[in-house]
Amino acid sequence: MRTLHLRRTALRLLVLLASTFIALTTAFALGRLSGDPTVNILGPTAPPEQREALRHELGLDRPPLTQYLDYFRSVFTGDFGDSLQFYQSNTTLILERLPYTLQLVAAGMTIAVLIGVPLGVLAATREGTWWDRAASTLALLGQSVPVFWLGMMLVALFAVKLGWLPAGQSGTPRHLILPAVTMSLYPMAHIARLTRASMSEALAEPFIDSARARGLSTAGVVWRHAFKNALMPVLTIVILQTGILMSGAVAIEYVYSWPGLGQLALQAVQFRDYPLVQAIVVFGALTFVVLNLLVDVIHSIVDPRVR
């Protein structure tokens with residue numbers, strides 16, 4: 001049994017290492033395929049001699065394999081280089097913008113959980129009724145509506161027409177409402193659908209009939225017994241969706257001019273700031289890998305059968 005547990009742990013670590021390697025390689029390739037940064041730094045009218053001198057200074061004239069190995073060496077030593085656009089350390093830039101993205105993701109996931117979980121439980125306990133159909137329809141819409149379109153519609157309604165909320169930027173809790181609501185829609189739909197499926201499966205188990213036979217209330221059966229057994233898949237999707245939101249907040253931060261990592265990544269791509277693009281991609285990949293590892297650890301703690 002212990003040998004099997006060690007093998008599973010080793011396999012998980014190998015998968016995480018492979019995922020990290022693929023992410024680092026992808027970040028390097030994206031940085032090199034984004035174009036020549038000397039055009040944006042020196043301008044389109046700069047003479048070829050100046051461009052070649054700058055390419056030599058940035059190390060872009062070296063063989064790709066040499067650049068690749070130096071890049072890996074820098075990553076493993078924690079040196080993500082300096083931004084070509086902001087003339088600051090990429091690590092400093094990421095740490096400056098990270099709190100804004102974390103604030104947005106936390107608010108969005110809180111809304112998604114507070115709405116998605118009760119919605120899924122309601123649909124499972126009212127299976128086949130109009131409650132179930134309404135919850136399923138809402139979850140389908142949440143997965144179908146593009147977030148950038150929803151963001152623009154919310155700005156047009158609540159900021160432009162009604163004037164209730166700011167249209168963008170950050171600063172006060174009111175600035176957070178529209179971006180957080182927009183960000184919550186997609187994970188809320190996932191959480192609601194998975195909660196419904198997990199609860200429907202749990203409510204069909206024999207121990208639920210035993211609980212009802214002992215005279216427990218409906219709320220006690222649903223929340224103390226069924227939901228407890230359906231919690232693990234829901235917790236997993238919440239953690240994974242958090243990682244997806246942190247890595248994919250570009251559209252929402254762009255619509256609302258939110259000064260987070262997504263806005264920083266967009267600025268880096270537009271300027272062809274390949275060191276900053278690489279640093280942001282690596283940070284997002286490492287975040288996702290750590291969250292996947294966290295899911296495995298929680299599974300092992302909550303359910304020893306997966307060890």
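How many helices and how many strands does the protein have? In this predicted model, the protein has 13 helices and zero strands, so that, by the definition of these elements as DSSP runs numbered from the N terminus, the order of elements reads α-α-α-α-α-α-α-α-α-α-α-α-α. The C-alpha trace spans about 85 × 65 × 30 Å along its principal axes. Of the 307 residues in the protein, 40% are buried, and among contacts with a separation of 6 or more, 74% are accounted for by residues 24 or more positions apart. The protein exposes about 16900 Å², of which carbon and sulfur atoms supply 66%.

The largest nonpolar core holds 56 residues, and within it M183, I191 and M199 touch the most other members. Two or more residues are given to this core by each of α5 (90-125), α6, α7 (147-161), α8, α9 (206-213), α10 (218-247), α12 (261-271) and α13 (274-302), with the largest share, 13 residues, coming from α5. When its neighbours within four places in sequence are left aside, M199 is in contact with V121, A124, V222, A226, F227 and A230. A second core, separate from the largest one and made up of eight residues, includes A27, F28, Y68 and V282.

The count of salt bridges comes to three. In one of them, the side chains of R196 and D132 meet at 2.8 Å, N to O; this pair links distant parts of the chain, since R196 lies in helix α8 (residues 173-203) and D132 in helix α6 (residues 130-144), 64 residues apart. The two partners fall into separate classes of accessibility: D132, at 6% relative accessibility, counts as buried because the cut-off for that class is under 20%, whereas R196, at 21%, counts as partly exposed.

Salt bridges that share partners join R62, D70 and R73 into one network. Within this network, D70 forms a salt bridge with R62, their closest N and O atoms being 2.5 Å apart, and the side chain of D70 also meets that of R73 in a salt bridge of 2.5 Å, N to O. Both D70 and R73 lie in helix α4 (residues 64-76), where they are three residues apart, about one turn of the helix. R62, with a relative accessible area of 36%, is partly exposed. Over the protein as a whole there are 23 positive and 18 negative side chains, and the centres of these two sets lie 13 Å apart.

Key
Residues are numbered from 1 along each chain as its sequence is written. This is a predicted model: local features need pLDDT of at least 70, side-chain atom pairs count only at pLDDT 80 or more; totals for chains, interfaces and linings use all residues. Side-chain values use heavy atoms; hydrogens and water are left out. A salt bridge is a side-chain nitrogen of Lys or Arg within 4 Å of a carboxyl oxygen of Asp or Glu. Buried means under 20% relative accessible area, exposed over 50%, partly exposed in between (1.4 Å probe, protein chains only). Helices (H or I, at least four residues) and strands (E, at least two) are DSSP runs, numbered from the N terminus. A nonpolar core is a set of buried Ala, Val, Leu, Ile, Met, Phe, Trp, Tyr and Cys residues joined through side-chain atoms within 4.5 Å. Contact means heavy atoms within 4.5 Å. Accessible areas come from the Shrake-Rupley method with a 1.4 Å probe; for residues, only the protein chains shown count as cover. Lys and Arg count as positive and Asp and Glu as negative; His and the chain ends are not counted. The place of a charge is taken as NZ of Lys, CZ of Arg, CG of Asp or CD of Glu.
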